[in-house]
Amino acid sequence: MNIYAKRIHSLRYLMMQSNIHVYMVLTSDPHLSEYLPKFYQSRQWLSGFSGSSGILVVTQGYAGLWTDGRYWIQADKELQGSTIDLQRQDSANNVIKWLCENIDQNQTLATDFKVLSLSMQLDLKKALKDKNISVLHKDLITTLWIDREPLCHNKIYEHIHCVRDRQENLVQLREKMRRINADYHILASLDDIAWLCNLRGSDITYNPVFMCFFLLSMQKAILFVKLDSISIELQAKLKKDGIDTMDYEDVDSVLNDISNCSILLDSNKISAHLGNIIEQNNHIIDDNNPSQLLKACKNDLEIENIKDAMRHDGIALCNFFAWLEDSLENNERVSELDIAKMLSYFRAKNPLYISDSFATIAGFNANGAQPHYSASSDSFAYIESHGLLLIDSGGQYSNGTTDITRVVPIGKPSVEQVKDYTLVLKAHIALASASFPIDIPMPFLDSICRAILWNNQINYFHGTGHGVGYFLNVHEGPQVISCYANALPKTQAKIGMLSSIEPGIYRTGKWGIRLENLVVNTRVSNPKENEFGEFLCFDVLTLCPFETSCIDTSLLNQDEKKWLNDYHKKVRQNLESSLQGRAREWLLQRTNEIL
């Protein structure tokens with residue numbers, strides 16, 4: 001019995017003692033974060049699955065883990081020996097549907113309400129009502145996980161490249177509250193609060209955020225943080241701008257004291273624990289956090305700063321790729337782990353670099369076929385012989401967040417690999433060059449990208465694009481470019497939204513190809529028509545060449561060739577003067593015009 005099977009066995013013993021028939025372990029924390037502090041990585045500790053998304057369900061006779069297509073290969077490998085079945089989550093298979101079909105009448109389901117979203121609690125209760133199944137709060141993980149790493153509260157600091165006024169941020173939120181007659185607004189999402197207060201931290205790896213809550217009324221604003229993580233001087237500056245500070249643990253008692261009020265919250269971004277406290281004596285207004293859209297729409301100064309961050313990121317990438325090429329030509333042994341280390345090394349030469357924006361994905365050949373592959377000291381590949389190396393990486397700079405994916409041929413790529421690369425590039429260009437109506441739900445744009453692959457009966461099982469923060473989380477809403485997402489009003493295309501475009505082809509056991517740039521929504525500068533409303537297009541911000549040796553130019557039409565040549569010309573113009581030696585030579589070779 002491996003360690004994870006033993007942990008599942010121990011959990012079942014606690015379930016039996018507590019008269020719990022089903023226990024659910026989420027990938028979550030009290031702020032419903034995507035990336036978690038180690039303290040809250042309960043699902044990974046219990047199951048051994050290290051992906052960033054998944055739900056574990058345990059009964060006395062069954063254990064299953066639901067995760068999406070990005071992680072099926074990885075989860076299948078990591079769950080071996082754990083006694084946990086992989087449940088391939090898709091539109092026909094999700095946790096709630098399985099619970100409805102497999103839990104007996106009058107049984108009890110428990111989970112930790114402090115990390116369960118209020119919206120999911122409501123969905124569970126509604127779905128399981130007919131079977132009279134109780135949905136209860138119970139934290140069994142704390143009892144099991146005896147060597148749990150303490151929760152981190154690092155120093156909080158001001159964002160030096162912030163170009164917005166936090167008092168004005170408060171004004172905009174209060175205006176929204178006034179329009180919907182809300183007395184209070186409660187925030188638990190860390191990136192919303194960091195943006196609102198113009199503050200940053202380092203409590204979560206790769207995300208410059210800090211553990212906190214925020215409560216806003218028409219008269220007061222309270223930031224709940226560990227008080228020893230924020231200096232007296234910074235507390236005084238916040239107070240001058242109308243924001244009081246209280247201890248992180250005080251949020252429950254403050255909310256308990258509020259009654260007979262209307263409180264604005266986003267049930268997808270607040271825990272069931274806090275939501276249940278609020279709804280005891282108050283009216284909930286369930287709506288999107290206004291700050292989500294405000295921070296998603298970057299202003300002109302933010303976009304200029306992001307462009308500067310992209311330029312410095314491009315310089316680092318050119319130096320990295322030149323190093324990689326030289327190392328392999330000199331027969332040095334390079335591993336996937338070395339790729340991540342050297343990318344960080346070159347990025348860190350920029351004084352504005354803070355950290356990577358996520359764990360680098362460097363997957364050689366079959367490993368690249370796992371969209372969110374993660375090399376480890378126990379499992380990694382060396383870059384040798386022939387094949388394709390997929391590298392997905394990014395940096396957190398104080399003036400912007402970057403995220404880019406490129407594929408490098410090692411040796412001579414095969415005819416099949418070149419065709420796949422070219423098809424993915426064509427899909428990327430199709431969306432990058434598209435125009436679309438302002439306010440169209442961005443999930444609708446996904447099929448523009450996939451159409452070329454669909455015409456070849458090829459698909460990929462992840463979204464085409466996600467929003468990106470301004471020195472904040474690398475995954476940011478509300479916009480998303482994905483046929484798997486609902487076309488909700490909050491996903492409408494607005495000017496200034498920064499998103500990724502990242503189509504791919506993944507051939508299990510062979511190779512993976514994904515090509516990713518970051519783009520910003522901007523007005524079509526010279527519209528051909530004005531009768532049908534305003535249209536937007538994408539301005540490409542990422543600056544790094546595509547691999548022309550992997551392109552079959554006979555498969556590109558003239559418009560695609562022009563887009564690629566124009567992009568490479570832009571990359572060269574922005575980077576050449578800042579590069580020397582081999583890095584400059586590498587850039588020039590890959591930005592030559594194709595015919």
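Between domain 1 and domain 3 of this predicted model, three residue pairs are in polar contact, each residue having a pLDDT of 80 or more. Salt bridges between domain 1 and domain 3 number zero. The two domains belong to an assignment that divides the chain into domain 1 (3-144), domain 2 (157-288) and domain 3 (297-590). Nine residues from domain 1 and 12 residues from domain 3 make up the contact, and the C-alpha centres of these two domains are 34 Å apart. About 910 Å² is buried between domain 1 and domain 3, with carbon and sulfur atoms giving 56% of that area. On the domain 1 side, Y35, R70 and I73 supply 54% of the area buried against domain 3, more than any other three residues.

A database annotation covers part of the chain as well. In an unreviewed entry, UniProt places the feature "domain: Creatinase N-terminal" at residues 7-133. In the model, this span is 34% helix and 17% strand, and its end C-alpha atoms lie 26 Å apart.

Salt bridges can be followed next. Side chains of opposite charge can pair when their charged atoms come close. The whole structure contains 35 salt bridges, and individual pairs illustrate how they are placed.

One of them joins R179 and E175, whose closest N and O atoms are 3.8 Å apart. Both residues belong to helix α7 (residues 166-179), and because they are four residues apart there, about one helical turn separates them. R179 counts as exposed because its relative accessibility is 55%, whereas E175, at 32%, counts as partly exposed.

A second pair consists of R347 and D313, with 2.6 Å between the closest N and O atoms. Here R347 lies in helix α14 (residues 336-347) and D313 in helix α13 (residues 300-329), so this salt bridge ties together parts that are 34 residues apart in sequence. Both R347 and D313 are buried.

A third salt bridge brings together the side chains of E560 and K426, at an N to O distance of 2.8 Å. This pair links distant parts of the chain, 134 residues apart, with E560 in helix α17 (residues 558-575) and K426 in helix α15 (residues 415-432). E560 has 8% relative accessibility and therefore counts as buried; K426, at 12%, also counts as buried.

Salt bridges also join into a network, which links E325, D326, E547, R582, E585 and R590.

What surrounds N198, and is this residue buried or exposed? N198 is situated in the loop between α8 (190-197) and β9 (199-200). Its relative accessibility is 8%, so N198 counts as buried. Leaving aside residues up to four places away in sequence, N198 touches Y157, E158, H159, C162, R164, D165, R166 and N169. For R164, the backbone oxygen lies 2.8 Å from a polar atom of the N198 side chain.

Technical notes:
Residues numbered from 1 in each chain as written. Predicted model: local features only at pLDDT ≥ 70, side-chain atom pairs only at ≥ 80, totals over all residues. Heavy atoms only, no water. Salt bridge = Lys/Arg side-chain N within 4 Å of Asp/Glu carboxyl O. Helix = DSSP H or I, 4+ residues; strand = E, 2+ residues; numbered from the N terminus. Buried < 20%, exposed > 50% of the residue type's maximum accessible area, 1.4 Å probe, protein only. UniProt positions renumbered as here; feature names shortened; annotations may be inferred. Domains from an automatic or database assignment. Contact = heavy atoms within 4.5 Å. Buried area = accessible area lost by both parts, 1.4 Å probe. Polar contact = N/O pair within 3.5 Å; in protein donor to acceptor, adjacent residues only side chain to side chain.
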